[in-house]
Amino acid sequence: MGGTASTHKLIRKDGKRYDGRAVDELRPITIQAGVLKRADGSAYVTWGENKVLAAVYGPREVHPRHLQNPARAIVQAKYNMASFSVSERKRPGPDRRSQEISKIISEAFEAVVFVEQFPRTTVDVYIEVLQADAGTRCAGITAASVALADAGVPMKDLVPSCAAGKVEETVVCDLNKEEDNCGEADLPMAIIPRTGEFLLLQMDGHFTYDELMKAMEYNFKALNYIYKLQKEALRKKYATVQLEEPFVLPKREEPTVLEPEANIVREGPMAPSDEPQQGDAPPEMSRDSPGGA
Ligand code: ADP
C-alpha cells in the first residue's frame with residue numbers, strides 16, 4: 001500500500017479501472033473443494049492472478065502437549081508464500097508478514113469453528129500461496145473455510161473474505177497488485193454471513209467516513225457473491241451424477257415359441273428315447289390320431 005507510483009492511470013477517463021473492471025467488480029474467482037488426497041479437507045482458489053491452496057488436518061492431538069487446551073480445540077493456521085509466487089524470488093520461510101497473517105487467520109477461525117466440541121485437539125490449516133497478486137490473505141481465508149468444511153469440521157458457517165481499497169481517490173473493490181502497490185488504502189474483511197459477525201477487519205491507509213462506508217458496501221456485495229461460490233464448490237464435490245435421460249429397464253424379449261417336444265434335439269443321457277420307458281405315463285390319444293378309439 002502506498003508504494004511506488006504507477007506508470008499509467010489506474011482509473012480511466014470512463015471511470016473504469018486500467019484492467020477494464022468497474023469500481024465494484026471482482027476479479028474472476030474459481031473455487032474447487034477436495035483437491036488433495038492425503039489432507040482431511042482441501043480447497044484450491046484462483047482469484048485473478050492469485051493461486052492459493054488450503055489443506056486442513058484434524059481435529060487431532062496437539063504437539064507439543066503443553067499447547068493443549070483441556071476446554072477446547074486450538075486452530076493453528078500457517079500462511080506461506082512460495083518463493084516463486086512473486087515476480088522477484090521471495091526468501092523462503094516465515095517472515096513477519098506471514099506470521100501476522102497466520103495469526104489473524106488462526107484467530108478468525110477459532111471464532112467460527114465449534115472448538116469446545118474437541119478439547120485437547122488442534123485443527124491445522126495450511127495456506128500455500130502459489131502465485132500472488134494482492135488479496136492473498138482474503139483468498140487464503142476463502143480457501144481455508146471451504147477446506148474446513150470439506151474436512152467435516154463443525155463450523156457456524158463458511159467464511160468469505162475480500163478487500164476493498166482506494167486508488168487515485170476512488171474507492172474500488174478487490175485490489176490487484178498494481179492497485180495495492182500504488183493505492184492509498186486497503187480494507188480486508190471476513191464475515192460469518194449467517195450471524196453477520198466480523199472475523200477480520202483490517203485497515204491500511206486512510207479513508208474518509210463516506211469512503212469507508214462505500215468500501216464496506218462493496219465488500220459486503222462481494223462477500224455475498226463469494227459465499228455463493230463457496231457453497232457451490234462444496235455442492236459440486238458431493239453432487240451425485242445424474243444421467244440426462246431417465247434410466248429405463250431394457251424391455252424383456254418375448255420368449256421364443258418352441259416347437260413341439262419332438263423337434264427338440266437333446267444329446268447325452270437326458271436325450272429322450274423313442275421307446276417308452278418304465279413308469280412313463282401312457283400317451284394320450286386324440287380321437288383323430290391314427291390308432292385312436
Ligand atoms: P495481501 O496479499 O493479502 O494483499 P499484502 O497487502 O501484504 O497482502 O501484499 C500484497 C501483495 O504484495 C501480495 O499479494 C504479493 O503480490 C506482494 N508481496 C507481498 N509480500 C511480498 C514479498 N515478500 N515479495 C514480493 N512481493 C510480495
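**Group meeting: a walk through a predicted model**

The protein I am showing today has four helices and ten strands, and I should say at the outset that this is a predicted model. If you read along the sequence, the elements follow the pattern β-β-β-β-α-β-α-β-β-α-β-β-β-α.

Let me begin with confidence, before we look at any detail. The average pLDDT over the protein is 88, and 82% of the residues score at least 70. There are, however, stretches to treat with care: over residues 269-273 the pLDDT stays under 50, and the model gives them two contacts beyond four places in sequence. Residues 285-293 also have a pLDDT below 50, with three contacts in the model beyond near neighbours in sequence. Where pLDDT is low, the predicted coordinates should not be read in detail.

Turning to the chain as a whole, 40% of the 293 residues count as buried, and the accessible surface comes to about 18,200 Å², with 53% of that surface belonging to carbon and sulfur atoms. If we take the contacts between residues at least 6 apart in sequence, 68% of them join residues that are at least 24 apart.

Now to the interior. In soluble globular proteins, nonpolar side chains tend to be buried together. Here the largest nonpolar core has 71 residues, and the members that touch the most others are Trp47, Phe109, Val125 and Leu148. Helix α4, which covers residues 209-238, gives the most to this core, with nine residues. To take one of those members more closely, Phe109 is in contact with Val75, Ile141, Ala144, Ser145, Leu148 and Val159, once its neighbours within four places in sequence are left aside.

Next, the largest pocket, whose volume is about 580 Å³. Its lining is made up of 28 residues, and those nearest the centre are Arg97, Ala134, Gly135, Thr136 and Asp180. The elements giving two or more residues to this lining are α1 (96-110), α2 (136-150), α3 (177-182) and β8 (185-192).

I would like to finish with a single residue, serine 102, which lies in helix α1. Is serine 102 buried or exposed? Serine 102 counts as buried because its relative accessible area is 11%, and the cut-off for burial is under 20%. Not counting residues up to four places away in sequence, serine 102 touches Ala77, Lys78 and Tyr79.

Definitions and conventions. Residues numbered from 1 in each chain as written. Predicted model: local features only at pLDDT ≥ 70, side-chain atom pairs only at ≥ 80, totals over all residues. Heavy atoms only, no water. Buried < 20%, exposed > 50% of the residue type's maximum accessible area, 1.4 Å probe, protein only. Contact = heavy atoms within 4.5 Å. Areas by Shrake-Rupley, 256 points an atom, 1.4 Å probe, with all protein chains shown as cover. pLDDT = per-residue confidence, 0-100. Core = buried A, V, L, I, M, F, W, Y, C linked by side-chain atoms within 4.5 Å. 1 Å grid on protein atoms, 1.4 Å probe; cavity = no way out; pocket = protein on both sides within 12 Å on 5 of 7 lines; lining within 4 Å. Points joined across faces, edges and corners; volume = space filled by probe spheres on them.
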